[in-house]
Amino acid sequence: MTLVEVSEPRRSTQPGAAAGGPPGGLRSRVLGAVDLRRGGIVLPFIGLFVVLAVTSPPFLTKDNLLNIVDQQASTLIPAAAATLVLVSGGIDLSIGAVYALAGVAAAHFALVTSPWLAIALALLIGLAVGLVNGVVTTIFRVNALIATLATSYVVSGIAGLATGGNIITDFNRPAFADLARTSFLTVRTSTWVTLFVVLALGFLLARTTTGRYMYAAGGNAEAARLAGVRVHQVRIVAFALSGTAAALGGVIDASRVLSAQSSAGTTLAFTVLAGIVVGGTSILGGQGAVWRSVVGVLFIALVGNGFDLLGLDPLYEQIALGALLVLAVGLDAWTRLRRT
Amino acid sequence: MPEGQGGAHLELRAVSKRFGGVRALESVSIQVSAGSVHALVGENGAGKSTLGKIIGGVITPDSGEIVLLGRPVRFHSPREALAHRVATIAQELAIVPGLSAAENVYLGIEPRRRGVVRRRELRRRYRELCDAVGFGVPDSAPAGSMRTADQQKVEILRALARDAELLVLDEPSAALGPAEVERLHEMIRSLRARGRTVVLVSHFLREVLEVADEVTVLRDGRVVRSGPAAGESEGSLVQAMLGRPLEQTFPPRVTPSEGAPVVLSVRHLRAPGVEDVSLELRAGEIVALSGLVGSGRTELAEAIVGLRRSVSGSVEVAGSRLGRRSPRRLLSRGLAMIPESRKEQGLLLDRPVRENAVLSVLDELSRLSYVRRRAERRTATEALRRVDVRAANAGVAANALSGGNQQKLLFARVLLCEPEVLVADEPTRGVDVGARRAIYDLLTAFAAEGRGVLVISSDVEEVLGIASRILVMRSGRLVAELEGATATEQDVVAAALLDPEGLAGVAGMAS
């Protein structure tokens with residue numbers, strides 16, 4: 001234990017900090033919001049936003065901005081939920097597979113029953129996969145990376161079997177498109193759903209006991225358990241939410257194009273993880289926030305949108321994204337290093 | 001340059017070091033005589049570890065001069081220091097668990113021919129080295145399965161195999177049991193007898209007085225005094241470290257009243273590492289579990305609280321028997337535990353102090369799962385004040401607290417659960433002298449409120465100072481029960497060691 005090293009410089013800080021008294025505490029709380037290290041992606045996001053607004057006239061229009069958000073609905077919703085998984089110390093690679101299966105299931109059931117029931121059934125499937133992920137990674141102690149990779153194969157396989165590899169189309173069931181194509185107060189329903197889910201999950205993580213326990217489980221599972229936290233239960237909840245959210249993403253996209261296929265979403269898990277990590281949530285667990293993932297996902301979306309609007313070669317987009325990802329994770333590792 | 005006995009092996013002149021805006025060392029000047037054992041003492045935060053690290057090249061000073069055998073040197077890494085025959089044995093041991101002792105010692109400098117390690121030559125050199133320095137470790141087992149003490153020896157041998165003349169030992173006895181500490185001291189004396197210079201960074205003043213020739217006392221990054229150890233006593237060192245005389249080390253001993261009810265009863269408990277242990281703890285009583293490292297103390301505590309699955313036996317808290325045990329169930333039945341390792345089992349280091357304090361009672365501070373933050377704040381503040389945690393504010397990360405304050409933070413957490421029984425595993429490990437008394441006060445106050453306290457401790461003095469009863473363990477069994485008020489250190493150590501074969505068995509279990 002390097003107790004001595006850690007406490008040495010810090011202990012002597014305290015008189016100084018105490019001398020500042022409550023103003024010091026207040027200042028740090030106020031600054032905390034914009035503290036570069038903790039704020040992470042916020043400043044680059046604002047910077048990129050300003051650059052795009054200045055260089056590309058069509059960028060700063062209500063249509064373009066709403067479009068970006070709406071296009072990201074099926075990434076933002078899973079990202080918000082997967083943030084809870086990461087914070088509680090897990091990782092979910094089955095997002096893409098669940099997204100595809102749920103899309104296929106919703107499209108299929110919408111052919112034979114009411115669209116709302118079809119959507120509910122698809123979400124239940126996502127919930128079930130999430131529960132399996134949660135149980136396998138906690139009670140059976142299988143590493144989350146491996147467990148969710150395994151379920152993603154199984155789930156993909158089921159989706160392929162169910163469709164026989166064909167696209168399911170719902171063009172004769174226009175009611176199924178209500179979820180993604182209708183508008184309320186000039187904003188698309190799917191955007192409203194996204195907003196609701198993101199706010200709800202953000203609230204869950206930041207303000208409820210469950211959220212606190214997620215931070216505890218991810219930060220130090222052993223300590224959390226000794227303090228009486230049901231670590232397994234909390235992680236299962238996170239996985240269940242992640243599965244359900246991935247399913248919702250799949251349903252929204254299926255509803256938008258009135259069709260679904262089992263090969264969709266193959267890279268979704270990685271896009272979602274990239275957004276979360278770029279936002280500043282640690283892949284090691286115990287740290288992060290839903291709003292960060294939202295900013296991270298939108299940041300990546302802005303990069304893409306910028307490439308489109310400015311007419312840059314889209315091949316560079318991937319390179320830029322890769323570099324961003326390494327930068328984000330490197331920054332996380334670096335700040336951890338500096339703190340210990 | 002001659003390095004005769006008494007000449008300076010190492011001299012620091014006006015060395016200063018800051019971390020960010022914080023002063024860790026301020027113009028420190030000391031002389032370390034060649035062939036001596038030079039101890040660095042001070043409270044946590046006084047700068048003794050920083051000083052040790054500067055000597056070992058782990059940290060580069062901001063200003064000042066380091067003179068080694070008469071020549072000014074500047075180390076930028078432990079590797080450079082080693083090239084000047086200065087080696088550091090850090091608190092965290094750096095052995096390769098899968099390799100044997102000899103392989104670890106010669107790691108990177110293996111005798112080889114065309115890239116192939118000459119194993120026989122390697123073992124021969126290892127034996128020669130062990131003979132030359134007067135101690136060794138059997139080369140049969142992988143280093144990962146050795147006791148901490150042996151792993152430490154491997155590291156010291158490794159430094160010696162690289163011709164180190166000056167060794168910096170950073171808190172070498174922190175993780176050792178009493179008998180192992182004795183052997184460590186022999187080893188240090190043996191190094192000195194062979195002309196090596198040892199810089200010993202240590203918390204343990206008795207150890208310092210026992211083995212050191214010279215001692216430097218640091219306080220707030222400055223040298224209070226530096227000179228021969230002969231004239232020092234524990235009292236004089238503590239006074240120099242704190243800048244004031246230490247109040248009584250232990251609070252008045254608590255004893256349970258006549259006929260106090262039994263709050264914890266363990267019957268015929270068997271678990272891996274625990275052989276048929278029965279014990280009772282009464283309200284208002286502090287019972288200490290003593291014994292060597294690996295004697296089964298921690299295993300027993302873990303079996304009681306359900307961290308370790310027990311094979312048979314029963315545990316009753318306040319008269320009601322507990323079935324399947326888990327920390328959560330036990331908390332709700334009135335048994336709380338302060339684990340051995342604050343950092344690994346106790347705290348959420350990155351989370352605020354406040355969250356750490358209320359973690360176990362968060363459900364009570366919430367409505368429909370929504371955390372009532374005002375109630376949380378009030379409860380946390382109150383609990384932190386009760387145990388006197390000193391933090392800039394309750395919003396800072398637990399990381400930023402000193403060892404003593406982190407420990408108090410854990411007390412705040414368990415006190416909020418209002419348990420009938422508290423099990424505290426090594427409650428003062430890594431806590432400096434000044435804060436220790438505060439922990440003893442907390443334990444005593446807890447017992448005085450009519451609760452039971454089971455303390456597990458390697459520190460025999462501590463056990464004798466606070467416990468009303470002492471249970472000594474060996475090889476997973478309770479082998480002696482002593483009265484805290486009348487027992488002596490000899491009694492406890494004798495019971496812990498008793499027969500030498502038992503010791504060997506215990507040593508094996510430790511790994």
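Two residues are taken to be in contact if their C-beta atoms, placed from the backbone, lie within 7 Å. In chain B of this predicted model, residues 24 or more positions apart account for 70% of the contacts with a separation of 6 or more. For chain A, 78% of the contacts between residues at least 6 apart in sequence join residues at least 24 apart.

Chain A contains 16 helices and 4 strands, and buried residues make up 50% of its 340 residues. Chain B contains 18 helices and 24 strands. Its radius of gyration is 24 Å, close to the 24 Å that the globule rule gives for 511 residues, so chain B is as compact as a globular protein of that length. The C-alpha trace of chain B spans about 70 × 50 × 45 Å along its principal axes, and 52% of the 511 residues in this chain are buried.

Within chain B, an open sheet of 6 strands with mixed pairing follows the order β6-β9-β10-β3-β11-β12. Strands β6 (86–89) and β12 (222–228) of chain B stand at the edges; each has a single partner strand, and therefore one side of each is left without a neighbour in the sheet. From one strand to the next, the twist averages 15°. At the β12(B) edge, strand β11 (residues 214–219) of chain B pairs with β12(B) in the antiparallel sense over 6 bridges; B:Thr216 has B:Ser226, in β12(B), as its bridge partner.

Two helices of chain B lie across strands of this sheet. Helix α1 (residues 48–55) of chain B lies across β3 (37–41), β6, β9 (166–170), β10 (197–201) and β11 of chain B, and runs at about 150° to β10(B). Helix α8 (residues 234–242) of chain B lies across β3, β11 and β12 of chain B, at about 30° to β11(B).

Methods:
Residues are numbered from 1 along each chain as its sequence is written. Chains are lettered from A and ligands numbered from 1 in the order in which they are written. This is a predicted model: local features need pLDDT of at least 70, side-chain atom pairs count only at pLDDT 80 or more; totals for chains, interfaces and linings use all residues. A residue is buried if 20 or more other C-beta atoms lie within 10 Å of its own, exposed if 12 or fewer, and partly exposed in between; C-beta atoms are placed from the backbone. The radius of gyration is taken over C-alpha atoms; the globule rule is 2.2 Å times the number of residues to the power 0.38. Two strands pair if DSSP finds at least two bridges between them. Axes are lines fitted to C-alpha atoms, for helices over the stretch in contact, and angles run from 0 to 180 degrees between N-to-C directions.
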